[in-house]
Amino acid sequence: MDAQNDGRHVVIVGGGFAGLGCARKLASHADVRITLIDKNNYQQFQPLLYQVATSQLSASDAAWSLRKLFRKNPNVDVKLGEVVSVDPKTRTASARDGTAYQGDFLVLAAGSQPNFFHTPGADQNAFPLYSLDGAERLRSRILAVFEDADRDPKLVEAGALNFVIVGAGPTGTETAGALADMINETMPAEYPDLAVKAARVYLIDHGHAVLRAFSEKAHEYATRMLERRGVQIRLATSVQEVAADHVVLSDSTAIKTRTAIWGGGLMAAPVAGRSGLPQGHGGRIDVRPDLTVEGFPGVYALGDFANIAGPDGQYLPQLGAVALQSGYWAASNILADMAGRPGAPFHYHDKGIMAMIGRNAAVAEIGERRHEIDGPIAFAAWLGAHAYLMSGVRTRIDAFIQWAWDYFSKTRGPQVLDRSGAARIDWGDEDDGGTAVPGPGPAKDKS
Ligand SMILES: Cc1cc2nc3c(=O)[nH]c(=O)nc-3n(C[C@H](O)[C@H](O)[C@H](O)COP(=O)(O)OP(=O)(O)OC[C@H]3O[C@@H](n4cnc5c(N)ncnc54)[C@H](O)[C@@H]3O)c2cc1C
């Protein structure tokens, strides 16, 4: 703590679940000053990104203004800025515009970025689904291939309606189910002249199960639900290359596609590498049980940005509930420190894990004893868990319930082709087998 100030300024980098959890808890203490920095002026709600990508939700339904969240808290100063480096000794975060934010406490909660595991072409050509920007670009690409194939049905032969999803974890599985529902239920009515039945959704994973982190029963249920929707699952298969117009698999087969979706893994946001802190597994910052970083009192790392060990010594998974709870916990420990008391070790209340596999089909393993459910009851649990992540903000929950109703009643979602870059596809001369075409470009999401 610096001698010249009162020890009550907290700088938080990242307004996701973790940063917001911390800021919201501290905000109710009028004598604590909080500076919340994010490179976006909104919180993106990652669990709803695939609904944006598959046109079930508009982007504004999955992002909320940070200023609005704190407009009744004069002690919270929201700053739009990308933090490019951190000095943990002085607890200072420096933004790209040169502004330095120095606090008595520094909370690092900058989340994740996709991990392409050095797969050739993936960063250039795959569509990662981890940011609002990425979800909007993917939505425009999905709509664009349908529009192009509708004008020129020969493009179906060139793989226009092939969708390859890399990674059968929750992100890939949920996206595969939603995309298959879109293809089976929405697109035939939208494109009556197009042979939509020719569309294919492939789900590729190098492991041996869909939803590997779940129970065997969940693997079977998810596989059954996806296959019922026509999804072609390739397990024990890795993606060797993502080209602009095809994907090469480890069994040497190539699938023609202009839409490779990356759900293959995450690592810490780039600023972790410029934080002066040691990086552990996944490039994340290892933290002590009280969520501070060893050797740097007053510096906290939270959520997806941190490796937080559970009671068994294993790192907790990258989940919204872990991030949110770690944010609340860090705030409590900061308040304890301000009062001259020691911080307490983080205890995660395991809410379970769940995934939705298309309309009305979900799996959930709830509570610390992992009670398994599936089908419509699991779907209801999924809704409840996501309402919890919305931190009780009424307007968010209203919009979410509206979406759930539309989803059940099969009301078509918004279909706006608004990202011209992702929508413009150079199909080349298909009679010559086509030419290399530009994909989405390097993953340079703003989030
Ligand atoms: C597609 C998808 C679906 C998911 N579904 C679920 C689900 O159903 N249930 C669940 O529990 N979890 C789910 N997760 C995981 C969950 O979303 C994450 O664990 C959670 O968002 C992590 O919260 P966080 O606050 O650590 O990071 P984030 O929510 O990613 O927030 C990080 C914030 O930091 C900001 N930031 C990053 N770098 C900088 C910088 N240099 N300067 C300033 N600001 C910066 C970002 O803009 C962002 O606002 C999903 C994740 C994805 C990608």
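These numbered points cover a helix, two backbone outliers, the nonpolar cores and one sheet of a predicted model.

1. **Helix H6.** Helix H6 takes in residues 170–190, 21 residues in total. At 1.5 Å a residue it should span 30 Å, and its end C-alpha atoms are 28 Å apart, so expectation and model agree. The helix is not straight throughout: H6 bends by about 35° at Ile183.

2. **Ser252.** Most residues other than glycine have a negative phi. Ser252 is not a glycine, yet its phi is positive, about 75°. Its place is the loop between strand S16 (246–249) and strand S17 (254–256). Buried or exposed? Ser252 counts as exposed because its relative accessibility is 65%, and the cut-off for exposed is over 50%.

3. **Leu291.** Here is another positive phi in a residue other than glycine: Leu291 has a value near 80°. Leu291 sits in the loop between strand S20 (285–286) and strand S21 (292–293). Its relative accessibility is 0%, so Leu291 counts as buried; the limit for that label is under 20%.

4. **Main core.** In soluble globular proteins, nonpolar side chains tend to be buried together. The largest nonpolar core in this model has 136 residues. Val10, Cys22, Phe146, Leu179, Leu302, Phe305 and Ile334 have the most contacts inside it. What does Cys22 touch beyond its neighbours within four places in sequence? Its contacts there are Ile12, Val107, Leu302, Gly327, Tyr328, Ala330, Ala331 and Ile334. Leu302 and Ile334 thus appear both in that contact list and among the residues with the most contacts inside the core.

5. **Second core.** A separate core has 14 residues. Ala122, Ile204, Val247 and Trp262 are among them.

6. **Sheet S24-S25-S26.** Three strands make an open sheet in this order, with antiparallel pairing. Strand S24 (353–356) and strand S26 (371–374) are at the edges. Each has a single partner strand, so one side of each lacks a neighbour in the sheet. From one strand to the next, the twist averages 10°.

7. **The S24 and S25 pairing.** How many bridges join S24 to strand S25 (residues 362–366)? Four, and the two strands run antiparallel. Within this part of the sheet, Ile353 stands opposite Glu365 in S25.

8. **Helix on the sheet.** Helix H7 (residues 216–228) lies across S25 and S26. H7 runs at about 165° to S25. S26, which H7 also crosses, is one of the edge strands.

Key:
Residues are numbered from 1 along each chain as its sequence is written. This is a predicted model: local features need pLDDT of at least 70, side-chain atom pairs count only at pLDDT 80 or more; totals for chains, interfaces and linings use all residues. Side-chain values use heavy atoms; hydrogens and water are left out. The expected span of a helix is 1.5 Å times one less than its number of residues. The bend at a residue is the angle between axes fitted to the seven residues ending there and the seven starting there. Buried means under 20% relative accessible area, exposed over 50%, partly exposed in between (1.4 Å probe, protein chains only). A nonpolar core is a set of buried Ala, Val, Leu, Ile, Met, Phe, Trp, Tyr and Cys residues joined through side-chain atoms within 4.5 Å. Contact means heavy atoms within 4.5 Å. Two strands pair if DSSP finds at least two bridges between them. Axes are lines fitted to C-alpha atoms, for helices over the stretch in contact, and angles run from 0 to 180 degrees between N-to-C directions.
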